[in-house]
Amino acid sequence: MKFPGFDYARPDNLGEALTLLASRPGEAKALAGGQSLLPMMAFRLAAPRLLVDLSRIPNLNQVVIGDDGVRLGALVRWVDIERHPTLAAAHPLLVEAISRVAHYQIRNRGTVGGSLAHADPAAEMPGIAVACDAAITVAGAGGRHVVAAVDFFKGPLSTALESDELIVDIRLPAWPAGRRWAFEEFSRRVGDFALAGVALFYDLDASGAVHDPHIAAVGVSDRPVRMRASESVLAGSKATVEVIRAAAAVAAQGIDIAEDIHAPADYRSALLSVLTERALVRAAGLAMPEEG
Amino acid sequence: MSALSKRGPTPNTLVGQPVERTEDLRFLTGKGTFADDYEPAGALHAVILRSSVAHGRIRRIDAKAALRIPGVHAVITSADVGHIIPVIPLRLAPLEGLDKYLQPVIAHDKVRYAGEPVAVVVADSRALAEDALEHIELDIDVLDPVADWHVAEADRTILFERNGTNLAVRYTVGFGEVDDAFTSAEYVRRESFRAHRHTAAPMETRAVIAEWDAGSGRLIVNAATKVTFFNRRTLARMMDLPESAIDLIEIDVGGGFGVRGEFYPEDFLIPFVARKLGRPIKWIEDRREHLLAANHSREIDCELEIACKRDGTILALRGKIFGDMGAYIRTNGGVVPAKAAQFLHGPYRIPAIKIDVAAFMTSKTPVGTYRAPGRFEANFFRERLLDIAARDLQIDPVTFRLRNLITEAELPYSIGRLVPYETETAFDTGDYHAAFDRCLDEFDWKSKISMQGRLVDGRYQGLAATCFVESGGAGPRENVRFVLESDGAVTIYVGSSALGQGIETAFAQIAADALGLPFATFRILHGSTTFVREGFGTYHSRALVMGGSAVLDGAKHFAAAVRVAGAAYLKCEFEDAIFAEGHVTAKNGSAISLARIGSLAASAGKPLQVEGTFANTKRTFSYGAHAAHVAVDARTGYVQVLDYLAVEDVGRAVNPAIVHGQAIGAAVQGLGGVFFDHLIYDADAQLLNASFADYLLPLATDFPNVRGVTLELRPSPSNPLGAKGAGEGGIVSVAATIGNAVAAALTSFGVEPNELPLTPPRIWRLVEEARRRKAVAAR
Amino acid sequence: MKTRMRVNGREVEVHPEPRTSLADCLRRDLGLTGTHLGCEHGVCGACTVIVDGAAVRSCLMLAVQADGNDIVTVEGLGDGDTLGPLQASFRKHHALQCGFCTPGILTTAHALLSEEPDADSDRIRDVLSGNICRCTGYISIIEAVLDARAAYRRPGAGK
């Protein structure tokens, strides 16, 4: 499974990278870690005529934590997130989700930008992006613009990115103290893409009720989606066992549940409910014995 | 046993020790020579163009565009092979009629499975050859697929028109008054079971590297293994060459498990192309290709009935085996369904048995042997039914088994002739009850059983224990050749193949003990047709039993030859020469070292060498029991294996660490076969998951709690080592034990996991259906 | 395309095509065939090498991307033909059978223990979940890596 032939360029700066991408419309691809693109090329599912290696472009691999939130440069690797001394405290949901990505060797090369641009419906980073209302900074010929995560992912392996654009960074809004959160994923083996996953958080209002819940489903549809029905049940209520069960029961409502060789749709829906319940229980800090 | 007891004053005791492996030195330093590490000078690279259609008629192959690519040398099709396309013969299990379904080495008029070789592309590099593939126009008129044996049975679409049917063979075996037993039994139960298609997936893919020397008319093929002599015979016939003109060379092999080493289409195509083009040709299979084109296995459906007395005594078994053979019968013939039928019997007292076997052709990858072919399946079918019967009769499943488990007093125990191409089979030696007891004891069954069916932390716990008997040590013969080198080292050439099971170490242990020489004296060279005049290879756990026993015989002859040579030099009578501690010593005390004997012989141009052999038609029978403790999350279908124990009596463990490694490795492969490995086809007979991303193998995190206990209770009576083949016992009962443990865990739901694999969606669905049934009943 | 790397302590210069993987470059152009290809799509881990201290799937890296990098392959562990402590531990524990996956597991374990000499069995198992072995069932491998930790805890250890 040798790669098809291609030209290779390794620009020193962003502008040159964009020019190179634009020079071969539809035939050039950006190469970051290569952990998603190269397997596709090995199967000849992708055969770009030009690979633009981004690794020498400066200032794309920073993790910046500020009052306005967390900014991850496109070339930040999973291992960088894992090893960052203060990121887990600044954004625990991000770090927990990323801890499930792939395997040790992949984590040394795979990047935030690469995962976002690849847009596998079961990938954790796009799921976090959608769950957290992230903003993705895109650079193109006309300069930079920002795309909301919910508008960025169009379908399986399909995004709003034009062929001559690059992701520069992703910004996650600030994470307040006291926020409740959980990440719950079900995969066949460690490191596999999730058959279903739930990334959620909510804050508590003055009365202790759930305020502005964000619940995103990963790996159940053609892209990560917010679970609006579950969010509606939760919003404004206290996170009790009954409310959690009710929220979990409607987990799949309004979502187009995908079917594939690993999971039929009805199983996936049921799985999503169970994961939602377990995630909410964990977020709420309840002790809820399961009936099996 | 005589050779082993003839020890010198300081006897070696390497046999029975976990000696560190010789092989490891090169494997650990990256100095092994696996197929892709070997490249003859001037080699060109081949890639196989395979049909993407499951069933069709080839209309046209147009390679003009491919041939225009610089660096592409040739595109070989059936037209180049000639009017008569060689057909791959049967090696084993020649059930009547199977020879009408053999595979041509290259597709010519029809393709019958997606993945069937249609052409060979040759280029300067593998990458270029793959580029060329995309420029070949392959025109195939699509015919209806035959996606499973039900479709095959209907015979509406016939894969081999001249045969008129997709039913390759049907036969019935058995003994005793089966139908009477069922009519009069106090209890009968019938169930349907399914084992799914999966395969061995060794870490190294297949490879063939062929070099043709036109001047001498000789062919050298590297990366052969498993059954090199059979393959050479086959290749010679196909290429119209004398066997002596062909060398099949075995180098390092990255695992086999039954799948690697059989004669495949590429084993003809690559040498053929090498001869045709007059250039060495190197073909390294890629992983996608491997999953699609190397033998598949295990796809068997079974309807099984049991008749018992109320106290659980088994009166009879009656059943049907339906084998999905894929598109062609491969070298292993009918082994998979035939063995599945035979091993339904198991280590139990079955007074009457009748099994009907039907093997169907489908438009999928052909089927061959994968570790314990037919037994992984048969044990699942039978042991599941035993637990179901035990539950119906309200008898504890352990008690049920003990009631029926063959006792030592009954051995040898004949199970008649349950395989048409074999003679009567009898289980040889063993204490099946002792092994079962040991398993339960080691597993702490008595205290763990209190967890049976209990809901703990939201998961249901289940336990099961099963018994098995397993054959090994297939005959008929194995040969070795001992050569004394000029420095006193001893090279032992063996006909056995090495696929990772450590024969370079184990055989040296045997020879060292037999001759009273240091372990480091010996170098074991294996598998290649250049090494011995006739070899039989490695399959059905035969290497140690047959090859090891041949080494013992060779050692005997070697010791005698050394004494003769030493006596001649020392000018004494043979009777007065003693060979011990590496020297031949005469009565008067004069001595000559082995090294000196070797050096002298080499100088005289006549190195000292002897042959050894061991012949045996009786298989060996290992046996034992497995136990499992699982926790089932009924809401997601996830099963965690809390503890898995495999206990096996192997008669004699030459290297206990190697045997233990086989047991654990086989058990984990089996667990993968229960939960993960699955070759998934759609209704168009297209393989949907030909990649490691979607064909799932067990990882280090999946089954951390697997234990193995090796017993040496009863030596095998049929070889001087007393060894029973030990390569497959670890896998045979895994589906059986896990299936029963999951059923036990979910007793409260009343689900019967009778279909493999036990994936989360399958288990979830069984539970969901049970929940719905309960809800309906409650109304 | 000119590519300079340091491989097992030696400076090398190669000229691979861009499409050549680091694995194929190491194997073919540098004759370091200890690194094996088991799947060529980044799942099995047999091709793992160490790039600037990090374990990496060399089938998912282009040779040209390794320009300026420091690479360690299985041939660079131990001392020529002498087994290093990790390799010796594997031999002691019978942590290999056919040997095909072994180089990738050695490099991964070496990278792990070099950074985390106190890794426990859960961590070791988790890290090695990216390496598939078909022969051993992994248990002896975990034991071998656990046993090798002592060598990595000493200063200047592991090599």
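In this predicted model, 55 residues of chain B and 41 residues of chain C make up the contact between the two chains, with contact taken as heavy atoms within 4.5 Å. Together the chains bury about 4,000 Å², buried area being the accessible area (1.4 Å probe) that two parts lose on being put together, summed over both. Carbon and sulfur atoms carry 59% of that area. On the chain B side, the biggest losers of area to chain C are Leu28(B), Met203(B) and Ala700(B), which together give 20% of what that side buries.

As for polar links, 5 salt bridges (a side-chain nitrogen of Lys or Arg within 4 Å of a carboxyl oxygen of Asp or Glu) run between chain B and chain C. One of them pairs Asp37(B) with Arg27(C), whose closest N and O atoms sit 2.8 Å apart.

Turning to secondary structure (DSSP runs, with helices H or I of at least four residues and strands E of at least two, numbered from the N terminus), the elements giving two or more residues to the chain B side are α2 (24–28), α5 (126–133) and α19 (656–675). The largest share, 8 residues, comes from α19(B).

Chain B has a mean pLDDT (the predictor's confidence in each residue, from 0 to 100) of 96, and 99% of its residues reach 70 or more. Residues 1–10 of chain B are another story, with pLDDT below 50. Where pLDDT is low, the predicted coordinates should not be read in detail.

Local features need pLDDT of at least 70 and side-chain atom pairs 80 or more, while totals for chains, interfaces and linings use all residues. Residues are numbered from 1 along each chain as its sequence is written, chains are lettered from A in the order written, and side-chain values use heavy atoms, without hydrogens and water.
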